[in-house]
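Trainee: I would like to go through the ligand site and ask what stands behind each term.

Mentor: Go ahead.

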Amino acid sequence: MEFQLSEKQQNFRIKVRDFAQQEVEPTAAQRDREERFDRVLFDRMGQLGFTGIPWPEEYGGLGADYVSYALAVEQLSQVCASTGVMLSVHTSLAGWSLYRYGTEEQKQKYLRPLSEGKNLGAYSLTENESGSDAGAMRTRAMKEEDGYILNGTKIFVTNAGEADIYVVFAMTDFQKRSKGCSAFIVEKGTPGFHFGKKEKKLGIRSSPTMGIIFDQCRVPKENLLGNEGEGFKIAMTALDGGRIGIAAQAVGIAQGALDACIASLKNRQAAPTKLADMATRIEAARLLTYQAAWRESTGLPYGKQSAFAKLFASDTAMQVTIDAVQMFGDFGYTDDSPVERYFRDAKVTQIYEGTSEIQRLVISRMLLAD
Ligand code: CAA
């Protein structure tokens, strides 16, 4: 068993950390206050090769592994969780779905510009009546001669409005329930594709979250991703990997909060027991996250491990940031303190890409199936 990152992974982590500290952190608090997404940061990440970390060079990627991708999300989230989730959804939900299920033509047309940082990706599954129960979606894709007509309303789409390419799930046959769901690649600007309400959120405020309305939106048949009826499987398998990204985001948030406590409390009466507990939890969450990422890279099953990682890391982020605010006292409750933003950002990691309750359901079902 090897617990050491390879030299390549360590160097990559340093490269992302330098970028995060020098170019992301300085504007993080202000972007959060203004609820402002900064496309320039994404463009810079494209130049540095961070927008296609795990994809092969033939698709414009860096050809690195999933551990490197998790390291990048962690490092970014340590200073700005909004930037962390932007990269996570772009890579492991949009990019992964295209990489795993796309035809060669779709990969060249859509994955390559995502990898190269020319286009930003998004993933649209959730609806008003289908959050945790993803299979209950009502968005419909009606087949016509050379494509599909989409009608319906999606909500809570990360990167929406800013993203150029959307992986969208819709029902092609309601009778077949989960086997009647299909996945589509939809370009921003397609007639009949409109953005809904922009959410005002507790945390990750510089990450845009919007609804999408499909009103007679025509998608060409070339943009069906995978086979008709394969959509639910695509959505679920993408989330298996997406949850590694959210776990990495949670680890980054928790580490950022702990670092802030150490830096500010060094010369004061810190609570040493509390610091030790925070650090121990973070290390355990990190190991679970890297394990799941490593399994993805080595071709081993990782759905259960990614659920373990997300469940534990998100609870860790929440507990550590609660403790951090408490340690800072009154100051911790103001937005002048560094930990208030971490505290608000942590909460969503227990909710999106499958709530903690859903992670428990996924884990228990797998245990019983074993
Ligand atoms: N991999 C492959 N196939 C899977 C799978 C997986 N991980 N999970 C389920 N499936 C398959 C099943 O094998 C089954 O296929 P068969 O009929 O051939 O056996 C089919 O899918 C249906 O599965 P279930 O019966 O288990 O489905 P279910 O209706 O009971 O739901 C669930 C399962 C786990 C609760 C699922 O609905 C779920 O994960 N819900 C949470 C949704 C979620 O995470 N949403 C996040 C939104 S995206 C987001 O937040 C992104 C963002 O912007 C940040």
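Trainee: What makes the pair formed by a nitrogen atom of the ligand and a backbone atom of Ser132 a polar contact?

Mentor: A polar contact is a pair of N or O atoms within 3.5 Å. The ligand nitrogen is 2.7 Å from a polar backbone atom of Ser132, so the pair meets that limit. A polar side-chain atom of Thr158 lies 2.6 Å from an oxygen atom of the ligand, and one of Arg243 lies 3.0 Å from a ligand oxygen. The ligand alone exposes 1100 Å², and the protein buries 69% of that (Shrake-Rupley areas, 1.4 Å probe).

Mentor: This is a predicted model, in which local features need pLDDT of at least 70 and side-chain atom pairs count only at pLDDT 80 or more, while totals for chains, interfaces and linings use all residues. Residues are numbered from 1 along each chain as its sequence is written, and side-chain values use heavy atoms, with hydrogens and water left out.

Trainee: Which residues come nearest to the ligand?

Mentor: Of the 24 residues around the ligand, these are Ser132, Thr158, Lys179, Gly354 and Arg365. A residue counts as near if one of its heavy atoms lies within 4 Å.

Trainee: Why is the ligand said to lie between domain 2 and domain 3?

Mentor: Domain 2 (121–231) and domain 3 (232–369) both give residues to the shell around the ligand, so the ligand lies between them. The bounds come from an automatic or database domain assignment.

Notes:
A polar contact is a pair of N or O atoms within 3.5 Å; within protein, one must be able to donate a hydrogen and the other to accept it, and residues adjacent in sequence count only if both atoms are side-chain atoms.
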